Amino acid sequence: MENLIALLVGAPLLGAAVLLCGGRRLDKVGHWVGTLLAAASFAIGLALFADMLGKSADDRALHQRLYTWIPVEGFQADIAFQLDQLSMTFVLLISGVGTLIHVYSIGYMEHDERRRRFFGYLNLFVAAMLLLVLADNYLLLYFGWEGVGLASYLLIGFWQHKPSAATAAKKAFLVNRVGDMGLSIAIMIMFTTFGTFTFGPVLAATGEASEGTLTAIGLMLLLAACGKSAQVPLQSWLGDAMEGPTPVSALIHAATMVTAGVYLIVRSADIFNAAPDAQTVVVVVGAVTLLFGAIVGCAKDDIKKALAGSTMSQIGYMILAAGLGPIGYVFAIMHLVTHGFFKAGLFLGAGSVMHGMNDEVDMRRYGGLRKYMPVTFVTFGLGYLAIIGFPGLSGFFSKDMIIEAAFAKGGTQGWILGSVTLLGAAITAYYMTRVMLMTFFGEKRWQADAEGHEPHPHESPKSMTIPMILLAFGSVFAGGIFGVGDRFVHWLEPVTGYAHGHPPISAAAVTSATVAVMVIGVGLAYLQYGRRPVPVVAPRGSLLTRAARRDLLQDDFNHAVFVRGGTHLTRSLVYVDHSLVDGVVNGTAASVGGLSGRLRKLQNGYARSYAVSMFGGTAVLIAATLLMRAV
Amino acid sequence: MSEINAGFPLLTVTAAVPAVGAILTAAVPAARRTAAKWLALLVSLATLVLAAVVFVRFEPGGDRYQLTESHAWIKDFGVRYELGVDGIGVALIALTALLIPFIVLAGWHDADPLETSSKRWRPTQGFFALILMVEAMVILSFEATDVFLFYVLFEAMLIPMYFLIGGFGDRAHAGSDENAAAQRSYAAVKFLLYNLVGGLIMLAAVIGLYVVAGNFSLTEIAEARANGTLDMATNTERLLFLGFFFAFAVKAPLWPLHTWLPNAMGEATAPVAVLITAVVDKVGTFAMLRFCLGLFPEASQWATPAIIVLALISIVYGALVAVGQRDIKRLVAYASISHFGFIVLGIFAMTSQGQSGATLYMVNHGISTAALMLVAGFLISRRGSRLIADYGGVQKVAPVLAGTFLIGGLATLSLPGLAPFVSEFLVLVGTYARYPVAGVIATTGIVLAALYTLVLYQRTMTGPVKEEVRSLPDLRARELAVAVPLIAVLIFLGVFPKPLTDVVNPAVRHTMSDVQQTDPQPAIQTVEAAK
Amino acid sequence: MNPVNYLYLAALLFTIGAAGVLIRRNAIVVFMCVELMLNACNLAFVAFSRMHGNLDGQIIAFFTMVVAAAEVVVGLAIIVSVFRARHSASVDDASLMKL
């Protein structure tokens, strides 16, 4: 069976190669090729899953070694895969959701003349993401890590003719590169400490390394995770990334790629377990981001940016859970999977709405769409209920577990984290209800655009609604399937380890609190957006609202410090290079030239002056000889 | 020494074929321009075949220097015509021979005479003959194991390069023809003067070495130094080292001796710019490995801290200045300065990973710069401008050109999967193992590389289509024949660098024992490291 | 008389000659001054010959005389032809060889 692992990556990679090199000949069939190969990857994944279920829990990991990638003295990097329960979970999520989104894109991108290339990029993404989760060492993981970064860059900037899209793509890549720096430094530290960066030996040897080293590795890994998973302080790219086509936002910037940071931390569990300081930082980053994203999500009128804020916030939950240690790893991954379902569904729903509304993204110009788009409404609604944690739906199970684990951290920390997660749940309920109400309820608020086209909202084609329906199923049932009987815990426990946390208050109390804050959030949003008509032009809002609309001024900070400062720095360096570094050399050349100009004047052509110099020279020579003799 | 090849002077022939080809190309009559081009292409391909034979014949497990040849040259001074290749030389000969056909192909029309010029004027013949001449000298300098022979080639190479830069400028120049000619001759003279000064100092060191050692043979001197029969006073060794290093640092080029490169690359045609940075400059870094470390191991270690600082400055400074450039070719030149910083860093980190990485870096940087620069040259020749601001939205009109340009750019920013990643990561790891702080500082280079590359791509290729670029054609067959194989090599070496590392590793092992260094051992022995 | 006095005289003559070469502009005078310097040397040679008691100095003095005679022939010829061409015997006028 293990020989199939390479095919998981290989199938979509082949698709990318064929579609990107194939040229216009493939324009007609390109999207089918792409979808088919993504589906093939999913099918192989299912086969491997079935095989894995047949084995005992401790014997499920598979390895496949293809060849030595970089053989250099003392440095062995292999192209080798490792498929254990954790990777399996990701493989099914990536290829499953990925395939659905391929199908959705067939309809969504139907009128785009570059659809073939779009599918090529999507396949490239799936291949790179699978490589990321299947790698058996950190360097190969890094390969996939940058590969998904590239795919994300290409897809965000897919509509390159829009300057905003091109800028957003560049920004995403650059911010991610800052994170990647962390990952490469982490690998360097591992190499000098352990002499290897293969998961097995590194994680097995963490016991022998000093805590300082492990903390350093942990913090560097966290930096990487922050970049990829859009966590504070490297979160600024995610909102802009919504410039990409909506299926991209659903697949890459909601369900899969942005969760890679969580994967990285959970994969490196042994390192974090032995470095409590690093764990604390992880938790803080998660907690800050979860509130940050939620607040931003409340203020955005662009439906995709509101959802992007939500994504950030939900990943904050996962990072927080991952920072809690063995009591949280499993729930981080569980929330990751359920989030993959409902957030992808929500984004596809948003895409469907935009599809019917002439690509309008401003929610203030929606309203009352439930009548026009019933399927979208129902699937979006189910995703909505799932994300706010409506009892019984998938988000309820996973989020509740994280909140419990946060309380179970113990001590003051536990109380703070628990309260933050509860507050986050309330805000989540608030902003999601806001999105729901502004989009599907109330009066219609759309108008004709400048050219006189009035949108005619309509339901999307089957190729788009079917993936939405399937994802809605996932949003409803996944939590129950995973949560009931601790099935998910037992599944992942051999890889990540598990310790049952004991919150200071009873689990039932936590659950009731969760439901209560959710109801409060929904209620507040209803009072504000359900009872009153939504103004088409956004009101000025409070200071916080205005700051939140601008991503809590984080971008302004980046712009002022890094962009402006960097521009000045490069400009002055260009100047220095031209006038100083080059100037010193040119100055030397000029002074040699000047000196020779002076010396040239001695050659005046007068025989007598030559005679003087000869005479003087002779006199000096004789004097010197005599002096030397005298001495 | 090696039996397999006793008798047949393979190395001489590999260098002689392009040299003879250069003379023949130069002799083609004025009217038969096209014939001269084809002749040059054929000769460069023949050289590629010979280089491939050298690559295959070379046995990684065998002697340090293989395929050796040795003949007396100037008996009175003990100068010999001594050739031999180690793995590093083999890799760089392969790089040179690989790139020249693409340079010839990319420069197909760069030296066509203008309508107005005289019928007897033969610029085309001269252009291709000079390129082949440079190839011959570069290959021979990678083969030379006699210090004097190497010195002669190191200097002689300047002559054809001078004419290539000064005589065949980029026709896409803002401003008048006269201004362009002035800029060009400024660049050519600057190139020549910088390198001559370096060479002069090296000459002094070469003579000094002769005075101390009594002969010019690299192998003999190194052996005598290793077994203690040749003792150098500490100061003598340091001075000689500095003399050699200065010349190589000018050529490499290392900050602050780099300012000739942007001028030369900016004014020369794109293929010649590639010839400068991807081929000729490699002689500098190659010589650091072979001569500086081989002849003066103690002095190398003495100078290491200072050189590492200079390399770090080159990396960060080159990248930052690249961000601020308005001219596409100058941007690539500064990017190269940053990359040369990585190469020097890898060499002087004195670890196996660093030195293997540096050697791979030389090869990979050559290929990736060639891909980026040649495609940029195609773009520039279409629009007739080197200024970034004159472009915009090219992606829409010429998607294949934009795609190949992007891949060249991604290689420049060391994306995993493309060859430069392997070498850059090895250099970083190798540096970190001995100098953690330097390793971390160098890592910022990967962010800055992304910055200048993506800014360049965004400004030229994306956004609304500018009026002036609306009618640009996409890549033609000849241009595809340049871009596609280079990209294929980049991908191949990115996922399977083993053929290269196999020949490079033993050579690095020898260099490491030259400088009497062993790799720092990991703090903790893991299961895998033990086996 | 003490032979050293001859040396003083020789030095004096040489200095007068050298000063004349450097200061005077007329080619004929310069030429005569050169002759004066040569003869100062001759005098010194003869004086040395006397002081050391061997004939080497006198022999060299003869050589010098021969060379001086040859030099007069060539030098005067050059001066005459320069004077014919430029109608001046000033050495400063003949400064065409400068850059």
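**Close-up views of chain C and its contact with chain A**

**View 1. Annotated spans of chain C.** UniProt, in an unreviewed entry, lists residues 6–23, 28–48 and 60–83 of chain C as "transmembrane region"; such annotations may be inferred rather than shown by experiment, and positions follow the numbering used here, with feature names shortened. This is a predicted model, in which local features need pLDDT of at least 70 and side-chain atom pairs count only at pLDDT 80 or more, while totals for chains, interfaces and linings use all residues. Residues are numbered from 1 along each chain as its sequence is written, chains are lettered from A in the order in which they are written, and side-chain values use heavy atoms, leaving out hydrogens and water.

**View 2. Two of these spans up close.** Residues 6–23 of chain C are 100% helix and 0% strand, with end C-alpha atoms 25 Å apart (helices are DSSP runs of H or I, at least four residues; strands are runs of E, at least two; both are numbered from the N terminus). Residues 60–83 of chain C are also 100% helix and 0% strand, and here the end C-alpha atoms lie 33 Å apart.

**View 3. Where chain A meets chain C.** Here nine residues of chain A are in contact with 13 residues of chain C (heavy atoms within 4.5 Å). The buried area is about 930 Å², with 65% from carbon and sulfur atoms (accessible area, 1.4 Å probe, that two parts lose on being put together, summed over both). A:Tyr606, A:Arg608 and A:Phe615 supply 57% of what chain A buries against chain C, more than any other three residues. Helix 24 (residues 607–630) of chain A gives the largest share of the side touching chain C, four residues.
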